[in-house]
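Good morning, colleagues. I should like to take you through one structure, beginning with its aromatic rings and ending with the last segment of the chain.

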Amino acid sequence: MAPSLTTTAPPSTTAFPTKFANNQAPTSIYPDGIKTSGQHAPLYDQLRPYSDFPKEITGATVWKADDYKNNPERWTHHFSPSEKAEISAAADAFIASGTPLTGISKDNFKLPEFSKFLAPLRKELIDGKGFILFKGFPVQEWGNKKSAVAYMGLGTYLGYFVSQNGRGHVLGHVKDLGEDSTQIDKVRIYRTNARQFFHADDSDLVGLLCIARALEGGESDLVSSHHVWNVLQKEHPDVAETLTQPIWYFDRKGETSEGEEGWIRTSVFYLETGENPRVYSKWDPYYIRSLTRYSDAGLIPALTPAQLHAAEVLEATCVRLSLHMILEIGDIQFLSNEHVLHARTEYKDYPAPAPRRHLMRLWLSTPEDEGGWKLPFHDSKEKKRGGIQVNDQAPVAPEDAE
């Protein structure tokens with residue numbers, strides 16, 4: 001049996017009411033009038049017991065590394081000259097308009113031809129295998145500013161940008177900034193060169209554009225969480241059950257709005273709401289292991305032996321089943337956070353003055369009413385569900401690294 005709570009946690013506090021409704025925010029602060037919803041606890045009365053979960057998942061979201069590792073044509077798209085020309089023209093027109101990058105949208109980034117490819121791709125990311133690798137984005141020719149515009153312009157056809165940190169960054173820069181990766185209660189691992197274990201980000205989709213590679217490492221691994229679920233059900237059903245229970249505390253790492261607690265109590269595997277629910281995953285081992293400051297103070301329960309065992313088994317299973325992928329300069333990886341977990345190997349940068357490893361990151365929302373998953377969260381239908389939002393912080397889109 002899965003563990004129960006060892007202590008009773010205090011009831012969750014209600015977040016301090018913000019001044020603006022998320023989908024009716026002032027355009028003077030949020031250019032498209034939509035504010036990122038932010039991190040929230042699930043609706044506990046909508047969580048389903050382990051007995052309701054499938055013993056085996058079938059369909060396009062279940063894939064094995066062997067299906068793809070020797071068939072890159074099944075998950076790789078090379079930008080054609082005409083596609084690059086159309087994207088380039090749209091980026092030049094947007095830059096000439098003087099519109100802030102945070103105001104980019106499908107309405108002011110027109111892709112009449114390539115959008116015909118992006119529409120079915122969006123559905124494939126949401127409901128299919130959940131990943132793609134674009135190749136040949138001319139980042140060195142265009143430079144960081146135009147590349148950022150073009151990249152975000154592509155993103156508008158897949159989802160809505162959500163903030164990735166408390167500073168409101170909707171264009172993230174994944175780069176080693178020299179921060180101490182052992183200070184996991186304060187430091188976001190993407191700002192270091194440390195290994196990232198298998199996890200899902202706080203968004204429906206994530207995109208990574210490679211601007212500069214590392215000297216060694218920094219390579220990508222991904223796995224179908226539905227394949228992982230099937231293996232857990234066969235090999236470790238006790239672990240699968242533990243992962244469906246809302247006994248996991250995730251660290252906010254100080255990125256909290258007024259009135260919010262420093263953690264969220266949640267599950268790792270959920271069922272969607274409604275009929276024929278799919279299995280949704282939300283996981284990051286760094287965020288469960290960084291909470292000792294709260295458990296030592298008796299505010300939340302410490303991880304139990306069963307939870308520690310489940311975390312170890314989940315990581316080992318992901319590693320065993322994963323697909324390895326190397327991002328070259330000009331590659332863009334898009335993947336689903338609903339049913340794909342991803343990881344990054346530790347890396348070492350080239351010595352100065354060579355550029356450090358640098359990826360531009362997008363977090364994208366695909367709300368329920370626009371074909372997204374039906375999640376047991378109160379913001380499931382909001383356009384910019386998920387992400388990280390602190391109070392009424394405005395969105396920021398830095399074109400280069402911090």
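Let us begin with charges over rings in this predicted model. Lys129 sits over the face of Phe131, and its distance from the ring centre is 5.9 Å. A further example is Arg278, which lies over the face of Trp373 at 4.0 Å from the centre of that ring.

I turn now to rings that meet other rings. A pair of aromatic rings is described by the distance of the centres and the angle of the planes. The model has 22 aromatic pairs. One of them is formed by Trp229 and Phe269, an edge-to-face pair with 5.1 Å from centre to centre and 65° between the planes. Where do Trp229 and Phe269 lie in the chain? Trp229 belongs to helix α4, residues 225-235, and Phe269 to strand β11, residues 269-271. This pair therefore links distant parts of the chain, with the two positions 40 residues apart in the numbering. Trp229 and Phe269 are both buried.

Please look next at Phe250 and Trp283. Why is this pair edge-to-face? The ring centres are 6.4 Å apart and the planes stand at 75°; because planes over 60 degrees apart count as edge-to-face, the pair falls in that class. Here again distant parts of the chain are linked: Phe250 is in strand β9, residues 248-251, while Trp283 is in the loop between β12 (279-281) and α6 (285-289), 33 residues apart. Phe250 and Trp283 are each buried.

Aromatic residues also gather in a group. Phe79, Phe114, Phe117, Phe134, Phe137, Trp142, Tyr151 and Phe334 make up one aromatic cluster.

My next topic is a pocket. The second largest pocket holds about 380 Å³ of space. It is lined by 22 residues, and those closest to its centre are Ser105, Lys106, Thr156, Gly159 and Tyr160. Which element supplies the largest share of this lining? That element is α2, with four residues. Both α2 (115-127) and β3 (160-161) supply at least two residues of the lining. Sorted by class, the lining of the second largest pocket comprises 11 nonpolar, five polar and six charged residues.

Finally, I ask you to follow the chain into the segment after β17, the strand that spans 358-365. Pro376 is found in this segment. Is Pro376 buried or exposed? Its relative accessible area is 1%, and because buried means under 20%, Pro376 counts as buried. Pro376 and Leu43 are 333 residues apart in sequence, yet their C-alpha atoms are 5.7 Å apart in space.

Arg385 lies in the segment after β17 as well. With 3% relative accessibility, Arg385 is also counted as buried. What does the side chain of Arg385 reach? It reaches the backbone oxygen of Ser380 at 2.9 Å. In addition, a polar contact of 2.9 Å joins the side chain of Arg385 to that of Asp204.

The last residue I shall discuss is Val390, which is likewise placed in the segment after β17. Val390 has a relative accessible area of 17%, which is under the 20% limit, so Val390 is buried. The C-alpha atoms of Val390 and Arg167 are separated by 7.6 Å, although the two residues are 223 residues apart along the chain.

Thank you for your attention.

Definitions and conventions: Residues are numbered from 1 along each chain as its sequence is written. This is a predicted model: local features need pLDDT of at least 70, side-chain atom pairs count only at pLDDT 80 or more; totals for chains, interfaces and linings use all residues. Side-chain values use heavy atoms; hydrogens and water are left out. Rings of Phe, Tyr and Trp (its six-membered ring) pair if their centres lie within 6.5 Å; planes under 30 degrees apart count as stacked, over 60 as edge-to-face and the rest as tilted. Buried means under 20% relative accessible area, exposed over 50%, partly exposed in between (1.4 Å probe, protein chains only). A charge sits over a ring if NZ of Lys or CZ of Arg is within 6 Å of the ring centre and within 35 degrees of the ring normal. On a 1 Å grid over the protein atoms alone, a cavity is a set of points where a 1.4 Å probe fits but cannot get out, and a pocket is an open set with protein on both sides within 12 Å along at least five of seven lines; lining residues have an atom within 4 Å of a point. Grid points are joined across faces, edges and corners, and a volume is the space filled by probe spheres set on the points. Ala, Val, Leu, Ile, Met, Phe, Trp, Tyr, Cys and Pro count as nonpolar, Asp, Glu, Lys and Arg as charged, and the others, Gly among them, as polar. A polar contact is a pair of N or O atoms within 3.5 Å; within protein, one must be able to donate a hydrogen and the other to accept it, and residues adjacent in sequence count only if both atoms are side-chain atoms.
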